[in-house]
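Visitor: I should like to learn how enclosed space inside a protein is read from a model. Could you take me through an example?

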Amino acid sequence: VERLRVAVTNSLQKVKLARDIMTSPVITIPQTATMADAGEAMTRYGVNVLPVVQTRKLKGLVTREVVQRAIHHELGGRPVTEFMYTDYRTVAPDTPFRSVEEIMIRHTQRFLPVIEDERVIGAITRTDLLRALHENLEQRPSLEELEPIRDGEFGRKLLNMMQERLPKETMALLREIGQIADDAGMPVFVVGGFVRDLLVGTPNLDLDIVVEGQGIQFAKIFTEKHGGRMRSHQKFGTAVVMMPDGTKFDVASARTEFYEYPAALPTVEMGSIKKDLYRRDFTINALAIKLNSHNFGELIDFFGGQRDLKEKTIRVLHNLSLVEDPTRAYRAIRFEVRMGFTISRHTQNLIKNAAKMELFHRLAGSRVYTELVLIFKETQPLDTMRRLDDFGLIRFIHPKLKFGRDMESYYKNIGETLAWFRLTFLNIEADTWLTYFMALADLLPDSDLDDMIKRLSIPERYSKRIMLAKREGNTALSVFYKNPELSPYSVYQKLKIMPVEALLFMMAKARTEQAKKNISLYLTQYRETEAILKGKDLMALGLRAGPGYKQVLEGLLEAKMDGLLETREDEERFVKRRIAEIQPND
């Protein structure tokens with residue numbers, strides 16, 4: 001027993017703790033510093049990450065990459081607190097090495113602060129971690145013995161999930177894409193929303209294919225083998241493949257991008273799949289699945305997208321994401337409402353900073369318009385507008401727009417009206433999202449409405465409908481309020497010039513049930529009412545061409561709509577009487 005005790009004691013290795021492997025002391029920067037100050041400190045001390053502190057208490061982390069981008073965008077004078085990371089893990093000095101390792105690998109955190117009494121006493125970098133791993137490598141269990149990481153693992157196989165959740169035709173297409181890429185010597189991936197929705201179980205068959213190589217060349221090879229056609233965009237290295245059976249998918253070369261100035265359109269260059277994913281908006285959209293045959297179905301997750309899907313979190317990939325493209329704020333809110341997720345606290349801070357810096361005014365109006373159209377096509381625009389207001393973003397649509405009782409009432413009523421419209425199965429084509437724009441227009445004076453239309457560069461075919469809804473729609477509603485007993489033909493005359501979207505907005509806005517009923521009857525009955533007799537029938541009855549011709553036709557329609565005529569014989573008698581009045585000598 002004594003020999004065994006000695007042998008066990010001699011063979012035991014001391015458990016390493018965070019304090020054993022951390023670097024100390026740590027270079028820090030005060031929260032009053034600017035981004036330029038941070039860049040100078042990084043150069044002076046040769047570090048890539050700086051803790052931001054207030055009287056030694058940790059407030060955030062700022063990286064060299066973020067500092068360099070900020071200075072590139074002429075934001076060196078901005079406070080470091082506006083761009084520092086506030087969403088990160090820390091450890092205590094007594095945290096076991098195995099926990100430190102798991103945090104740094106699972107959460108891809110390259111700089112891990114060691115905190116004691118809220119103060120930074122050290123930091124563990126990737127170099128520290130690798131050194132500790134090397135020192136104890138022989139005592140570590142083999143990779144085969146390690147329990148796999150379940151949350152945020154890299155390289156997870158999704159083959160079974162794909163087979164269960166995707167149609168056979170889609171699976172066959174993905175395998176064929178992989179095989180053709182094998183023959184062409186190109187790594188190929190399906191990326192973005194398709195992967196995100198596959199993981200959460202939401203149907204989505206819109207395929208975005210990315211190849212590490214020439215995307216247009218790949219699309220040509222595919223169409224040469226399978227027929228169909230392709231449309232390419234040489235400038236961006238992208239193509240759309242349309243197969244003979246109507247299936248289509250997008251193909252792009254893996255790209256990286258940089259922005260010449262805040263809110264600019266990006267300059268794109270060829271890159272790797274990692275660079276391509278890094279340029280995307282949120283971690284949950286920076287996911288890819290490998291399609292090459294030797295590792296078909298392998299999930300690629302460099303940035304913790306799986307973890308954020310599991311935690312239902314919307315998170316940007318880097319701190320200058322919203323500086324480079326402020327429209328990502330609108331998309332973050334749209335995804336949050338649609339998916340029932342929550343924007344991470346750090347990303348919320350970045351959105352508020354972007355609003356405070358007035359970055360949204362630098363956007364081309366057409367880009368804001370595009371984002372609004374996407375918001376209005378969602379099922380819950382009211383909730384999305386409410387969240388836009390939470391972040392102070394509605395004023396960037398127009399400075400006089402405010403989210404208040406009127407806007408909330410309009411959007412709630414529009415939602416109910418569109419639900420009714422869909423249930424009527426009228427088979428009427430309508431850009432229903434436009435009704436929400438009409439609500440915005442109704443909240444502005446005419447002069448300000450002109451400004452909003454110009455600012456957002458709303459296409460003329462839509463701006464005309466918006467203006468018509470505001471001016472003629474309000475006039476028609478006023479008539480309905482004053483004259484609740486209007487005849488069907490009078491209602492028809494007031495509404496026949498209105499586009500369907502304007503009628504739906506008027507119905508949502510109407511203050512009286514009779515006004516709503518007038519519009520409802522017009523949509524379901526009056527607009528399709530026609531007389532049995534046509535022009536040639538009137539001629540056969542003796543009506544000569546001339547000014548009276550239109551008068552008789554309109555009178556016939558009015559009598560028909562008001563329920564005075566039912567049969568063909570009724571209409572013929574009506575026309576003969578009118579002919580006798582107009583052409584008495586005959």
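Guide: We shall begin with the overall form and then turn to the interior. Please bear in mind that this is a predicted model.

Visitor: How many helices and strands does the protein have?

Guide: The protein contains 27 helices and 16 strands.

Visitor: What radius of gyration does the protein have, and what would a compact globule of 586 residues have?

Guide: For a compact globule of that length the value would be near 25 Å, whereas the protein has 33 Å. The C-alpha trace spans about 135 × 60 × 50 Å along its principal axes. Of the contacts with a separation of 6 or more, 65% join residues 24 or more positions apart.

Visitor: How much of the protein counts as buried?

Guide: Buried residues make up 49% of the 586. The accessible surface comes to about 29,700 Å², and carbon and sulfur atoms hold 49% of that area.

Visitor: How does one find empty space, and how many cavities of 30 Å³ or more does the structure hold?

Guide: Empty space is revealed by rolling a probe the size of a water molecule over the atoms. In this structure there is 1 cavity of 30 Å³ or more. The largest cavity holds about 40 Å³ of space.

Visitor: Which residues line the largest cavity?

Guide: The lining consists of Phe83, Asn319, Leu322, Val323, Leu350, Asn353, Ala354 and Met357. By class, 6 of the lining residues are nonpolar and 2 are polar, with no charged residues.

Visitor: Which helix gives the most to this lining?

Guide: Helix 15 does, with 3 residues. Helix 13 (321-324) and helix 15 (345-356) each supply at least two lining residues.

Methods:
Residues numbered from 1 in each chain as written. Predicted model: local features only at pLDDT ≥ 70, side-chain atom pairs only at ≥ 80, totals over all residues. Heavy atoms only, no water. 1 Å grid on protein atoms, 1.4 Å probe; cavity = no way out; pocket = protein on both sides within 12 Å on 5 of 7 lines; lining within 4 Å. Points joined across faces, edges and corners; volume = space filled by probe spheres on them. Helix = DSSP H or I, 4+ residues; strand = E, 2+ residues; numbered from the N terminus. Nonpolar A, V, L, I, M, F, W, Y, C, P; charged D, E, K, R; others polar. Rg over C-alpha atoms; globule rule 2.2 N^0.38 Å. Buried < 20%, exposed > 50% of the residue type's maximum accessible area, 1.4 Å probe, protein only. Contact = heavy atoms within 4.5 Å. Areas by Shrake-Rupley, 256 points an atom, 1.4 Å probe, with all protein chains shown as cover.
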